[in-house]
Amino acid sequence: MTRAAPSGPSRPASAETSRRRAARTHRATVGKLLALAALGIAVVVLRGPWTAVLSLAAVITCAAVARLPMRATARALLPVLVTAALAAGYQWVTRGPDLAVEVAADLLTLVLAATLVTATTPADRLLDVLARAIRPLRGVGVNPDAVALAVTLLLRTVPEIARVVGEVREAARARGLERDPRLWLTPAVLRVVGRARDQGEALAARGILD
Amino acid sequence: MIELRGALVTAEAPRGGVGRRRGPAPADGPVRILGPVDLTLPERRIAVVGANGSGKSTLARLLNGLALPAAGRVLVDGLDTARDGHAVRRRVGFLFTDPDAQIVMPTPVEDVALSLRRTGVPAGDRDARAREVLARVGLAERADLPVRALSGGQRQLLALAAVLATEPEILVCDEPTTLLDLRWRRVITDLVAHLEQQVVLVTHDLNAAAQTDRVLVVDDGRIVADGAPEPTLAAYRALMAADDEVRPR
């Protein structure tokens, strides 16, 4: 996912400026995560197609205000759009159009909101806030830093998988093989798994998981 | 100082043989990948050369505990990589061939900041420190760009910055210039050559190897030549030429 509006020129900032900026970003990150959690609860509690559509419209407005690059975002969310369409189709046939609209809109609302949070939040801050939130579970053997890193990497992995699949499909197309999904799906899965293994190894080499 | 004492690396043989390895197919049981290796590496600059699949990357991976010996020991400043992996990784940084495998965060400043988490730099100072490290390798102006917007050479610089941020005493570089064009090869090679750290450089670039204090030649999982760059690289060239003669065309 392309990060929205990079924060200006990258001249080395003074330590004090950086510290103030870090504190501000930390508070903003907590706020965004709380808002995301609240939205998740609201989407489940509030029923009906109109509420779902209004929630989606609100999140799309927020994405536009945050200058999320629309084309790149739509491309990255393509698998979710397909899933939402399939789920809506199934609901339409089995339980009617109201529920179909609600299910599709809720799914898109939550995924777009999560994308908005990750695209506008420095990953380092996200890690800090998540690790702090998980810290109470340390007593039952949970490693907060490892879990926070796993969540952050997972969020970053979605657009990465879309990119890998795109590359493999392009390679298949170049050889005239794009019509049979088996021919590009298998190498795509192998590449994603290989990349995950390489990244795990690189993280171990940096001692980040020690 | 790095010491390898009878270090042996093995792997379970896959069904149907072991692919491109030379020599007769082994019997059941583990296949020897490297070793046994006995080495002491006190020099400041050490190059490791060898053909693809010879075992030189395995040798590099032994040095910071990414690979562990099935027999023997690997010691870094007296610390055993098998027993004291955490402490060894604090001392030994590792630069991979493909920077994309090493970079995990969306922007350069965040990726270097991730390395700094391990060093105990307070959260409020990490951003400034990460920018300092990026400035040292010439990436200050690109600190906030998406990693995807960087060229291959800039990504390798970023991967190097992320390793240097942890202030390792030893740096192991596994073919860091293999994927780069000539210009970026020179940039990375010059940067690595001027580092304060002890450097173990796995490379196919014989010019870069010639600038080091000692060269090791790995072939078929064994150290077959070891010494000053000039005679050792001559021995390596002779070995490769002999290999060409016996290989069917």
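Here is a short conversation about a helix pair in chain A and a sheet in chain B.

User: What kind of model is this?
Analyst: This is a predicted model, where local features need pLDDT of at least 70, side-chain atom pairs count only at pLDDT 80 or more, and totals for chains, interfaces and linings use all residues. Residues are numbered from 1 along each chain as its sequence is written, chains are lettered from A and ligands numbered from 1 in the order in which they are written, and side-chain values use heavy atoms, without hydrogens and water.

User: Why are α2(A) and α5(A) called roughly parallel?
Analyst: Their axes cross at roughly 25 degrees. Angles under 35 degrees count as roughly parallel (over 145 is roughly antiparallel, 65 to 115 roughly perpendicular, the rest oblique), so α2(A) and α5(A) are roughly parallel to each other. The axes, lines fitted to C-alpha atoms over the stretch in contact with angles from 0 to 180 degrees between N-to-C directions, come within 8 Å.

User: Which residues of α2(A) make the contact?
Analyst: Among them are Pro49(A), Leu56(A) and Ala63(A); contact means heavy atoms within 4.5 Å.

User: What makes β6 and β10 of chain B edge strands?
Analyst: The open sheet runs β6-β7-β8-β3-β9-β10 in chain B, with mixed pairing. Strands pair if DSSP finds at least two bridges between them. β6 (92-95) and β10 (222-227) each have a single partner strand, so one side of each is left without a neighbour in the sheet.

User: How do you know that β3 and β9 of chain B pair?
Analyst: Five bridges join strand β3 to strand β9 in chain B, and the two run parallel. Ala47(B), for instance, stands opposite Val215(B) in β9(B).

Methods
Helix = DSSP H or I, 4+ residues; strand = E, 2+ residues; numbered from the N terminus.
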